[in-house]
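Morning, everyone. I have one structure to go through today, and I will keep to its pockets. Here it is.

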Amino acid sequence: MTEQSPVTQAQAQPVKAAPALPDAQTVTQVKHYTDRLFSFRCTRPASMRFRSGEFVMIGLMGDPDPKTGKVKPLLRAYSIASPSWDEELEFYSIKVQDGPLTSKLQHIQPGDELILRPKPVGTLVHDALLPGKRLWFFATGTGFAPFASLLREPQTYEDYDEIVITHTCREAGELTYGAELIESLKDDELLGEVIGEGFWKKIRYYPTTTREESPKMGRITDLMRTGEAFTDLECTPLNPETDRAMICGNLAFNLELKEMLEAYGLEEGANSKPAHYVVEKAFLD
Ligand SMILES: Cc1cc2nc3c(=O)[nH]c(=O)nc-3n(C[C@H](O)[C@H](O)[C@H](O)COP(=O)(O)OP(=O)(O)OC[C@H]3O[C@@H](n4cnc5c(N)ncnc54)[C@H](O)[C@@H]3O)c2cc1C
Ligand SMILES: NC(=O)c1ccc[n+]([C@@H]2O[C@H](COP(=O)([O-])OP(=O)(O)OC[C@H]3O[C@@H](n4cnc5c(N)ncnc54)[C@H](OP(=O)(O)O)[C@@H]3O)[C@@H](O)[C@H]2O)c1
């Protein structure tokens with residue numbers, strides 16, 4: 001085997017080409033959890049500001065139009081899973097087998113480019129809630145993503161005494177991203193410094209599965225209706241005086257939980273009119 005000279009090594013370095021995509025960002029890390037779920041990180045535009053919990057449009061170029069040969073960006077809404085202070089952006093994604101975007105996106109690698117429209121929006125933000133003592137995050141599936149951002153946001157711990165995060169998935173492996181993220185908070189130096197050591201003890205994590213055996217089985221809605229969730233968490237049911245909530249899951253889940261929160265006396269808020277809870281779809285349909 002011939003030893004490579006430094007010159008050859010230097011020549012072998014890829015020349016940094018101008019970005020090929022509009023609003024291009026570079027993928028820095030990819031991690032796969034199951035055959036349906038992965039997360040990735042990418043560079044963040046220097047001028048991009050957002051509030052933890054918001055979403056943006058991201059994507060790739062689509063296939064060429066068979067008639068014209070033209071290619072158009074293929075964009076989808078994605079919650080930013082990283083907090084507002086992070087110098088990179090993180091996303092937590094589904095892989096839909098025939099999905100126009102995710103059938104391609106699931107193959108991205110570090111160094112690849114993706115399109116990111118830096119115009120964050122969304123309702124799952126602290127500004128849309130009135131002050132309270134206990135904050136509930138209710139998620140199903142990839143609906144955990146905005147809470148991955150908010151769980152790393154110092155304001156969450158500054159504003160609330162207690163944070164309850166519930167995550168319902170079909171299978172146990174679908175809980176891994178959330179479980180690892182919550183575990184990692186114990187070693188989060190920035191949050192430890194800003195909020196104080198042991199801040200993570202404010203978090204009560206309640207993961208449940210519905211179609212595969214796990215320590216806690218059942219839909220969170222059913223577990224709340226029977227009171228089992230409150231017994232397990234050793235806490236009182238929600239009360240508009242003290243509790244605030246954010247919901248992010250499939251449409252049926254969002255609607256069912258909305259109805260339950262209204263029955264507890266909580267009112268829906270918005271950026272323009274803060275109230276007791278806010279809701280956002282984890283995906284369309
Ligand atoms: C406000 C908002 C925020 C979103 N944030 C995220 C996010 O953080 N992570 C993410 O993976 N997706 C998120 N989505 C969904 C995302 O926009 C796309 O639908 C998803 O990436 C699939 O794209 P696709 O082109 O492959 O398939 P699409 O044609 O968009 O979807 C095909 C079908 O796949 C199913 N599906 C789509 N997304 C999901 C999902 N997340 N979980 C389970 N089933 C799904 C639906 O049944 C849908 O009809 C969000 C959607 C909205 C509206
Ligand atoms: N997850 C998979 O392994 C899988 C595999 C292949 C295809 N898909 C397809 O992908 C799409 C999304 O699947 P997904 O599993 O990511 O998301 P999902 O269908 O939204 O389910 C996520 C979790 O939410 C629960 N849930 C659904 N409706 C609820 C409600 N009204 N109240 C409380 N909890 C509720 C589900 O419980 P239940 O289980 O009781 O519904 C499940 O535990 C579906 O169209 C599905 O057919 C999923």
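The largest pocket in this predicted model holds about 1,300 Å³ of space. Its lining is made up of 42 residues, and those closest to the centre are Ile94, Thr142, Asn250, Ala282 and Phe283.

Where in the fold does that lining come from? Several strands and helices each give two or more residues to the largest pocket. The strands are β4 (73-79), β5 (88-94), β8 (162-169) and β11 (277-281). The helices are α3 (145-150), α7 (220-225) and α9 (251-263). Strand β4 supplies the largest share, 4 residues.

As for chemistry, the lining of the largest pocket divides into 19 nonpolar, 12 polar and 11 charged residues.

Now the second largest pocket. Its space comes to about 210 Å³. You can pick out the lining on the screen: Lys31, Tyr33, Arg41, Trp85, Asp86, Glu90, Arg152, Tyr177, Glu180, Leu181, Ser184 and Asp188.

Two elements give two or more residues each to this second lining, namely strand β1 (24-34) and helix α5 (176-184). Helix α5 provides the largest share, 4 residues.

And how many residues of each kind line the second largest pocket? The count is 7 charged, 4 nonpolar and 1 polar.

To recap, β4 gives the largest share of the lining in the largest pocket, and α5 does so in the second largest. That is what I have on the pockets.

How values were computed:
Residues numbered from 1 in each chain as written. Chains lettered and ligands numbered in written order. Predicted model: local features only at pLDDT ≥ 70, side-chain atom pairs only at ≥ 80, totals over all residues. Heavy atoms only, no water. 1 Å grid on protein atoms, 1.4 Å probe; cavity = no way out; pocket = protein on both sides within 12 Å on 5 of 7 lines; lining within 4 Å. Points joined across faces, edges and corners; volume = space filled by probe spheres on them. Nonpolar A, V, L, I, M, F, W, Y, C, P; charged D, E, K, R; others polar.
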